[in-house]
Amino acid sequence: MFLSRRFVPLYLKTFKNVPSTTPVKNIHRWVAPTLIQLKVREKKLGGKKTNPRNTFLEWNLEAELYAFGKRLNEDFDSDLLLQAFTDRSYVIKEEMKQKEMEFDIKVKDNRELAEQGEKFLNEYIQMYLETALPKFPLEGIAGIRRYLTTEELLAHVSQHIGTKDIILAAQYPVDESILANTFKAIVGVLLNSSGEERTAHFVRDFIITQLQGKDVNEYWHIEDPWAMLIGMLKKDQTIIEPRLIGETGKGTLLACYRVGLYIEKRIISTGFGETVAIAKEMAAREALKKLFGTEDHMKPINFKINGIPKAQSHKRYQISAS
């Protein structure tokens, strides 16, 4: 009893110092309407304007170009690299200014370098894919190559290696076509500066590795997989037989059929679909994947092939030739 009378006041003092509620940061009622009004005024003036980095006071183009090469661990020719970052629109804009000021200074754009880079990209990617996917037909290889050289993908890679703020163009921010064209020009510069092998490794590391985690079969649309499969097996005089091996929900909206493909009483693939025809088509697609070595559990594409692989087009299967 004596102890409780002695320590109760101490407990009460302790609880008095504990805040009963969590402190909340108060925002005045005028903040939201003010921000809304500022946003409306900004839209009336044409939206938020982003100035290019080369208009800033501390901008140093030579330092940026030098740092760009060092970030990529590549030795670029400084004059050619400057040309690679010079878009045709910037040259036209500068020529108009020079006419007004009555002097003439020749500025080269990156069109020629971009042509060289585009040619090397297409040739090297074709040879690399033929080596990395030895059983895939030429039509499939061409589909993957078209995906890897699309404007969208090249612009994505170009932006993420830091070209957007260095590009000299009449408009800002630059669009995808300028970003992609600049990347091709950079490949052309590296080709002239360091040779084909170094350029090949650059393209491998930044472009071909974009296939990581992708299904290569998605980049080749096969119109009639069953007819293609029959045509391929005819060469070996192999007879394939489709069989319905499972069905559920027949006659309902949730119907599902399973078709298996057999060769000499041995199943080679199966497919599912809401109709028997669709299930047969899916089974044929799975069989083609096995023939091409691009099934779902395929080994990852080898991204460590050094040098420039030799072309193997003359040894490969071509669907259009069958």
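A pocket is an open set of grid points at which a 1.4 Å probe fits, with protein on both sides within 12 Å along at least five of seven lines. In the predicted model described here, the largest pocket holds about 250 Å³ of space. Its lining is made up of 13 residues, and those closest to the centre of the pocket are Leu 65, Tyr 66, Phe 76, Ser 78 and Leu 81. Two elements, helix 3 (61-71) and helix 4 (78-84), each give two or more residues to this lining, and the largest share, six residues, is that of helix 3. By residue class, the lining of the largest pocket divides into six nonpolar, two polar and five charged residues.

The chain as a whole contains 12 helices and three strands. Of its 322 residues, 36% count as buried. Among the contacts in the chain with a separation of 6 or more, 61% are accounted for by residues that lie 24 or more positions apart.

The three strands form an open sheet in the order 1-2-3, with antiparallel pairing. Strand 1 (241-248) and strand 3 (266-273) are the edge strands of this sheet, each of them pairing on one side only. Neighbouring strands are turned against each other by 25° on average, when the direction of the turn is ignored. On this sheet packs helix 12 (residues 276-292), which touches strand 1, strand 2 and strand 3, and whose direction makes about 130° with that of strand 3.

Strand 2 (residues 256-263) runs antiparallel to strand 1, to which it is joined by seven bridges. Within this pairing, Gly 246 has Arg 258 of strand 2 as its bridge partner, while the partner of Glu 247 in strand 2 is Tyr 257. Seven bridges also join strand 2 to strand 3, and these two strands likewise run antiparallel; here Leu 261 stands opposite Ser 269 of strand 3. Six of the eight residues of strand 2 are buried, and the strand is therefore largely enclosed by the rest of the structure. In a regular strand, the side chains alternate between the two faces of the sheet.

Strand 2 and strand 3 form a hairpin in which two residues lie between the strands. One residue of the loop between strand 2 and strand 3 is Glu 264, whose phi is near 55°, a positive value in a residue other than glycine. Lys 265 is also placed in the loop between strand 2 and strand 3, and although Lys 265 is not a glycine, it has a positive phi of about 65°. Glu 264 has a relative accessible area of 76%, and because the cut-off for an exposed residue is over 50%, Glu 264 counts as exposed. Lys 265, with a relative accessible area of 77%, is exposed as well.

A further feature of the backbone is found at Tyr 172 and Pro 173, which are joined by a cis peptide bond with an omega of about 0°. Pro 173 has its place in the loop between helix 8 (151-160) and helix 9 (176-194). As a general background to these backbone values, most residues other than glycine have a negative phi, and most peptide bonds are trans.

Within helix 12, attention may be given to one residue, Lys 289. The relative accessibility of Lys 289 is 14%, and since a residue is buried when this value is under 20%, Lys 289 counts as buried. When its neighbours within four places in sequence are left aside, Lys 289 is in contact with Asp 215, Asn 217, Thr 294, Glu 295 and Asp 296. Lys 289 thus belongs to the helix that packs on the sheet and touches strand 1, strand 2 and strand 3.

How values were computed
Residues numbered from 1 in each chain as written. Predicted model: local features only at pLDDT ≥ 70, side-chain atom pairs only at ≥ 80, totals over all residues. Heavy atoms only, no water. Pairing = 2+ DSSP bridges. Helix = DSSP H or I, 4+ residues; strand = E, 2+ residues; numbered from the N terminus. Axes fitted to C-alpha atoms, helices over the stretch in contact; angles between N-to-C directions. Contact = heavy atoms within 4.5 Å. Buried < 20%, exposed > 50% of the residue type's maximum accessible area, 1.4 Å probe, protein only. 1 Å grid on protein atoms, 1.4 Å probe; cavity = no way out; pocket = protein on both sides within 12 Å on 5 of 7 lines; lining within 4 Å. Points joined across faces, edges and corners; volume = space filled by probe spheres on them. Nonpolar A, V, L, I, M, F, W, Y, C, P; charged D, E, K, R; others polar.
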